[in-house]
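Open the model in your viewer and keep the sequence panel visible. The tour goes from the whole chain to one strand, and then to one residue.

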Amino acid sequence: MIDLKNITDTHCHLQHERFSEDLDSVLINIEEKMAFVIVSGANILWNREAIKISSKSKNIYSTIGLHPIDAAKLSKKEFDNELKYIEDNSDLIVGIGEIGLDWHWEKDETMREIQKERFILFLKLAKKLDIPVVIHSWDAESEVLNILESEKMKKVVMHCFSGDLSELSRALNLGFYISVSTVILRSKGTRKIARDCPLDKMLLETDAPYLWLNGKRNVPWNTEVAAEKIAQIRKITTAQVLEATLKNAKRVFGI
Ligand SMILES: [Zn+2]
């Protein structure tokens, strides 16, 4: 028997324009069906909207941060202002994210250096506030892990993790949480991660509205479908996956 109230989505973007028309009914659905959802910021506007949405509903929380491409594009002053905004609003959020490195979209060395510098500033703030970080990493997994290790980060969520199995074991050895997204329905790599990641380090996410099938809009409760797939791979029940991931999400985000 599946208890719907154990369904979580630890990373989605309900502030995306694809939710603007029916956000209220999406929020009602979440309240009826799910344990809780974490809305993630990624740019200046989305950070404010993440806080706004999470303040509307008792089972929605938020993390705020800057996607590495957005972080590197800001002037030093704009970036510092956003860091201050995060610090000033830290009692309203459950973590800093998404932050990280994106070397898929950024090939320029100078811009990559700026991404790294600003990533480290976010990490230092998270340590000061003692809250977790939610990591975006694309084609930069080993560099991201190097930085997280040298900054001695403890509370880390690897969002939409797409590293290989040796990077997975490195992240696990550092005590990090691995977030498995609905991409598991079409990615062999993600299925391997779901097979090898210990259940007590696994989280579920949609990255909604992204990462659903045929370009259709993803919704937070689709993590149930990811949980079914994980259960099938590990030969356990969906209820066990939902229970474990709920427990993990509460532990790492202090909910
Ligand atoms: Zn995201």
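The stops below say what to select and what is there.

**The whole chain.** This is a predicted model. Show the chain as a cartoon: its secondary structure comes to 10 helices and 8 strands. The C-alpha atoms fill a box of roughly 50 × 40 × 35 Å along the principal axes. The radius of gyration is 17 Å, which agrees with the value near 18 Å for a compact globule of 255 residues. Buried residues make up 47% of the chain.

**Strand 5.** Select residues 133-138, which form strand 5. Strand 5 is largely enclosed by the rest of the structure, because 5 of its 6 residues are buried.

**The neighbour strand 4.** Add residues 95-102, strand 4, which runs parallel to strand 5 and is joined to it by 5 bridges. To see one pair, pick Gly 100 and its bridge partner in strand 5, His 136. From strand 4 the chain passes through helix 5 to strand 5 in a right-handed β-α-β crossover.

**The neighbour strand 6.** Now select residues 156-158, strand 6, which pairs with strand 5 in the parallel sense over 3 bridges. Here Ile 135 stands opposite Met 158. Helix 6, residues 141-150, completes a right-handed β-α-β unit with these two strands.

**Pro 132.** Last, select Pro 132, in the loop between helix 5 and strand 5. Is Pro 132 buried or exposed? Pro 132 is buried, because 23 other C-beta atoms lie within 10 Å, and the cut-off is 20 or more. Among the residues it touches are Gly 95, Val 156 and Phe 253. Gly 254 is 122 residues away in sequence, but 9.0 Å from Pro 132 in space, C-alpha to C-alpha.

Technical notes
Residues numbered from 1 in each chain as written. Predicted model: local features only at pLDDT ≥ 70, side-chain atom pairs only at ≥ 80, totals over all residues. Helix = DSSP H or I, 4+ residues; strand = E, 2+ residues; numbered from the N terminus. Buried ≥ 20, exposed ≤ 12 C-beta atoms within 10 Å, placed from the backbone. Contact = placed C-beta atoms within 7 Å. Rg over C-alpha atoms; globule rule 2.2 N^0.38 Å. Pairing = 2+ DSSP bridges. Right-handed = clockwise from strand over helix to strand, strands pointing away. Lists of a residue's contacts leave out its neighbours within four places in sequence.
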